[in-house]
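This report concerns a protein chain and some of its aromatic residues. Please consult the sequence and the structure while reading.

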Amino acid sequence: MDDGPLTASRGVDRSAGSESVTSRRPMRLLTVTDAWHPQVNGVVRTIEATNRELQRAGHECTVITPQEFSTIPCPGYGEIRLSVLPYRKVAHRIDACAPDAIHIATEGPLGQAARRFCVRHALPFTTAYHTRFPQYVQAMFGIREHWVYRFLRWFHAPAWRVLTPTAEVERELAAWNITHVARWTRGVDLDVFRPQGQESPLAAGLGRPRFLYVGRVSVEKNIDAFLNLDLPGSKIVAGIGPALDLLGRRFPDVRFVGVLSRHELAQLYSSVDTFVFPRLTDTFGLVMLEALACGTPVAAFPVQGPIDVVGGSDVAALDVELRRAALRALRIDRERCRIYAERFSWRAATEQFLGHQRLVHADASDAAVAPAA
């Protein structure tokens, strides 16, 4: 963390220039992420969906991922790969790309290498806060939250903007003196995630009602709160993670189906009666939108994430008793769920993303990248 004092003394002039000046030319955007395939999570999906929209608008997208580096497994999470000594290669890739704008999506080894390069060369960049990292680290390893927030404050300090999905996340970061934030909401691919006429073979033979969880199968996702519920019908879990083998043995009546393609997932969402979201520490919960787009109502705790996405709506049941929420959700009209999801488009989210980008070249005629058109 040797760039911290330099950044603090020099500061970041966040008032210089305009934040959102329309550019008429295609842009080259570089994203650096420690989260990538074979992981299936909100970070990966958000980057992929954003880049699809950027490319449709005529922009060029490059992504630096762990697949280009020597890696080691993250302790306790073998599917997460941590890049080893990536700085020189990251620096070379940034130079070779010559991007118009740089976005650092994660705080891992690649994100830290890109941050170091940008600070050393006085290149503006944005970062994102995708995951409630302090709460996850405390749940997994017992590390106290305030130590993780100190790291996050250091990491995000030199960024032009820290992109956050909801007002609640902005307030959480502000409480730890991370205040240079900007809203970047999320969307759903309504062409892929839509009600399917044909039942998923992964749900074949399972009794009704069917309850589904989608996401990482790990401690911090609070999946036990779902699997321990006394519910009628059947339970399905889509995803992998370090707790998969243990939970498979503990809950032999649950159908574990692993990682699915987007089309397989849409078919599965459409074949169940309620999507159960048991998480207590989430910034957004993109999977809730995917389920709703397929016409499947949501059951969740009334906490950050569910409140931000579906709070006050008639398409979800939020309750401190998750079983009660799951049963109430069975009475929700599926057509209303689809209509609600149609409010969230990746095009609008990508316009937000672009409006917050800061051009690398100080002599450029525009201060920020053009909105997607």
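## Tryptophan 154 and its surroundings

In this predicted model, tryptophan 154 has a relative accessibility of 15% and therefore counts as buried, the limit being under 20%. Phenylalanine 151 is also buried, with a relative accessible area of 15%. Both residues belong to helix α6 (residues 145-156), where they are 3 residues apart, which means a separation of about one helical turn.

The structure holds 8 aromatic pairs. In one of them, the ring centres of phenylalanine 151 and tryptophan 154 are 5.8 Å apart and the planes meet at 35°, so this pair is tilted. Phe151 and Trp154 form one aromatic cluster with Phe155. In addition, the charged end of arginine 115 sits over the ring of tryptophan 154, at 3.8 Å from its centre.

## A pair between distant parts of the sequence

The rings of phenylalanine 193 and tyrosine 269 form an edge-to-face pair, because their planes stand at 65°, with the centres 6.0 Å apart. Phenylalanine 193 lies in the loop between β8 (181-183) and β9 (210-214), while tyrosine 269 lies in helix α10 (residues 262-270); the pair therefore ties together parts 76 residues apart in sequence. Phenylalanine 193 is buried at 2% relative accessible area, and tyrosine 269 counts as buried at 0%.

## The chain as a whole

The chain has 15 helices and 14 strands. Of its 373 residues, 57% count as buried.

The average pLDDT of the chain is 88, and 86% of the residues score at least 70. Over residues 1-11, however, the pLDDT is below 50. Where pLDDT is low, the predicted coordinates should not be read in detail.

Methods: Residues numbered from 1 in each chain as written. Predicted model: local features only at pLDDT ≥ 70, side-chain atom pairs only at ≥ 80, totals over all residues. Heavy atoms only, no water. pLDDT = per-residue confidence, 0-100. Contact = heavy atoms within 4.5 Å. Helix = DSSP H or I, 4+ residues; strand = E, 2+ residues; numbered from the N terminus. Buried < 20%, exposed > 50% of the residue type's maximum accessible area, 1.4 Å probe, protein only. Phe/Tyr/Trp six-rings, centres within 6.5 Å; stacked < 30°, edge-to-face > 60°. Lys NZ or Arg CZ within 6 Å of the ring centre and 35° of its normal.
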